[in-house]
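Reader: I'd love a close look at one part of this protein, the sheet and what packs around it. Could you walk me through it in a connected way?

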Amino acid sequence: MRSRLLVTAVVATAVAAVGGPAAADGTPSPTTGSAPRPAGAPAAPGRPRLADPHPCPDQPGFTCSTLRVPLDHRGKVPGTLDLQVATADNAGAPKGVLLFLTGGPGQPGVPFITRIATQRLPELAKDYRFVMLDQRGTGEFGAIDCPRLQAQVGSSDIAAPTPAAIEECSDILGDRRGLYSTEQTVADYDALRQALGVPTMVVDGVSYGSFTAARYAAVHPTHVRKVVLDSVLPHVDPQADDGLYFVGLHAQARVLRDACATGPACASDPAEDLAWVVRHRTAADGVKIFDAIVSYEFLDPTYRDPNPPGLPAGHGDLVGALHAARQGDPARLDTIIADMAPGGDPVASYSSGLHIDAFCSDGAFPWGRSDAPLGGRQAKLDRTLRHTDPRRVWPYTLATSAGSGFTQECLRWSSRPAAEPPARLPNVPVLLLNGDHDLSTPLEWAYEEATHAPNGKVVVVKGASHSIQNRERGHAGRDAVIAFLAR
């Protein structure tokens, strides 16, 4: 969700929505990441290693290097990939390695190591060696570039692209579809651990990074000491409905009502206002409203600020805009929707091509996994929705769920499905951190994931939205992480 999971859309002046801030580097050439290293290229012998170490540009105190990994860790498809890695220069840090994982899927990690380690968590940087990498299919040197998909949805995982954009991306990846799943990424993380020469790591993931962190811990339980899951996306989905976003749709009522619990009182019930607006506009508008509200949280976690940073003066106050629309004046809501319009993110800062392959290869849906026959998928989706209580998605409608990017992309995507990880996390300390105003990965998901963590603890950050360690306005959430990792 964008720097959410789970992957989110942004305005030009805002930060990228799935785990970290917008990348400051330029857009790569259209061919960046279009193909892996040829099958005949030699792989590093023996233990994985970090090659070509050099100072990270414009990030003093950090060394950048390259990790070569198999294109297919299952060994069925030949070839290798080179992943960019950034490591703090304090190799002898007393508490060892902290692998920090960004969101998406689609967001790189290397450009953000200074922000995370030096600016946001300097208290931890004294004792831990921070390590970040560009997940396969992302970043300056390896981003999958699907031009139509990138232009239409960018970093949004709610906006629905056209079938032609999905088909173009499928053709670009070709027989590599499914090789950018979280299963492959988790294997990359363990290759990185081996290259660092450490038996265990602390793993800290934000948004989709929480999903990969949990899956790494589940698959490699002896190689983690502690786990931080920030803005949590459950790492297993036995009910096969996370991709339909039922929980996130319904959570908007709770969040908007909580926003109105802070004085002055709202003029009406914002959840009822939203429900009315969704039902008096088209189904496509319902998806646009859903996408806009989730994107808006990155600028204004109160949902009521008329002038939030990153928007033109007077373009804020989502709650007021919904009420005005119900009263017959949709202009303010339409302005917010336009401000939050998705698409056009630089591929080096967010790869929508990586997003679709990872998310759809990982997920379970009403039609099954990503190798299910395309022909029967729509009928199975329709049957599931017919038997779903509409109250599960209120204040939205089931049409909003069916029309969202999650559903529409994966409905048309065929790939090798990722292997299912164990549901139970290892019996190591796990901190699950979530803002109660988070709409990208709602608080309900943190409690769901906690049922799989025998030594887990949920910390709720009041009034905060998505990505606590990276974006929290206060320090309560970061204090919880610091205290958890200091022990």
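**A walk through the sheet**

Author: Happy to! Let's start with strand 3 (residues 80-88), which is mostly covered, with 8 of its 9 residues buried. Please keep in mind that this is a predicted model.

Strand 3 has pairing partners that we can take in turn. Strand 2 (residues 62-70) runs antiparallel to strand 3, and 9 bridges join the two. Within that pairing, Leu 83 in strand 3 has Leu 67 opposite. Strand 3 also pairs with strand 5 (residues 129-133), again in the antiparallel sense, over 3 bridges. Here Val 131 in strand 5 is the residue opposite Thr 87.

Now let's step back to the whole sheet. It is an open sheet of 9 strands, in the order 1-2-3-5-4-6-7-8-9, and its pairing is mixed. At the edges stand strand 1 (50-55) and strand 9 (456-461); each has a single partner strand, so one side of each is left without a neighbour in the sheet. On average, neighbouring strands of this sheet are turned by 20 degrees against each other, direction ignored.

For a parallel pair, look at strand 7 (residues 224-230) and strand 8 (residues 430-435), which are joined over 4 bridges. If you want a spot to zoom in on, Asp 230 has Leu 433 in strand 8 as its bridge partner.

Next come helices that lie across these strands. Helix 6 (residues 208-219) lies across strand 4 (97-101), strand 6 (201-206) and strand 7, and runs at about 150 degrees to strand 6. Helix 16 (residues 443-450) lies across strand 7, strand 8 and strand 9, running at about 165 degrees to strand 8.

Helix 6 leads us on to helix 12 (residues 352-362), since helix 6 is among the elements covering the buried residues of helix 12. Others included in that cover are helix 3 (147-152), helix 4 (163-173), helix 5 (182-196) and helix 15 (405-411). Helix 12 is mostly covered: 11 of its 11 residues are buried. Among them are His 355, Asp 357 and Asp 362, along with Leu 354, Ile 356 and Phe 359.

One helix pair rounds off the tour. Helix 9 (residues 283-296) packs with helix 11 (residues 331-339) at an angle of about 70 degrees, their axes 9 Å apart. That angle makes helix 9 roughly perpendicular to helix 11. On the helix 9 side, Lys 288, Ile 289, Ala 292 and Tyr 296 meet Leu 333, Ile 336 and Ile 337 of helix 11. The residues of this contact divide into 6 nonpolar, no polar and 1 charged.

Definitions and conventions: Residues are numbered from 1 along each chain as its sequence is written. This is a predicted model: local features need pLDDT of at least 70, side-chain atom pairs count only at pLDDT 80 or more; totals for chains, interfaces and linings use all residues. Side-chain values use heavy atoms; hydrogens and water are left out. Axes are lines fitted to C-alpha atoms, for helices over the stretch in contact, and angles run from 0 to 180 degrees between N-to-C directions. Angles under 35 degrees count as roughly parallel, over 145 as roughly antiparallel, 65 to 115 as roughly perpendicular and the rest as oblique. Contact means heavy atoms within 4.5 Å. Ala, Val, Leu, Ile, Met, Phe, Trp, Tyr, Cys and Pro count as nonpolar, Asp, Glu, Lys and Arg as charged, and the others, Gly among them, as polar. Two strands pair if DSSP finds at least two bridges between them. Buried means under 20% relative accessible area, exposed over 50%, partly exposed in between (1.4 Å probe, protein chains only).
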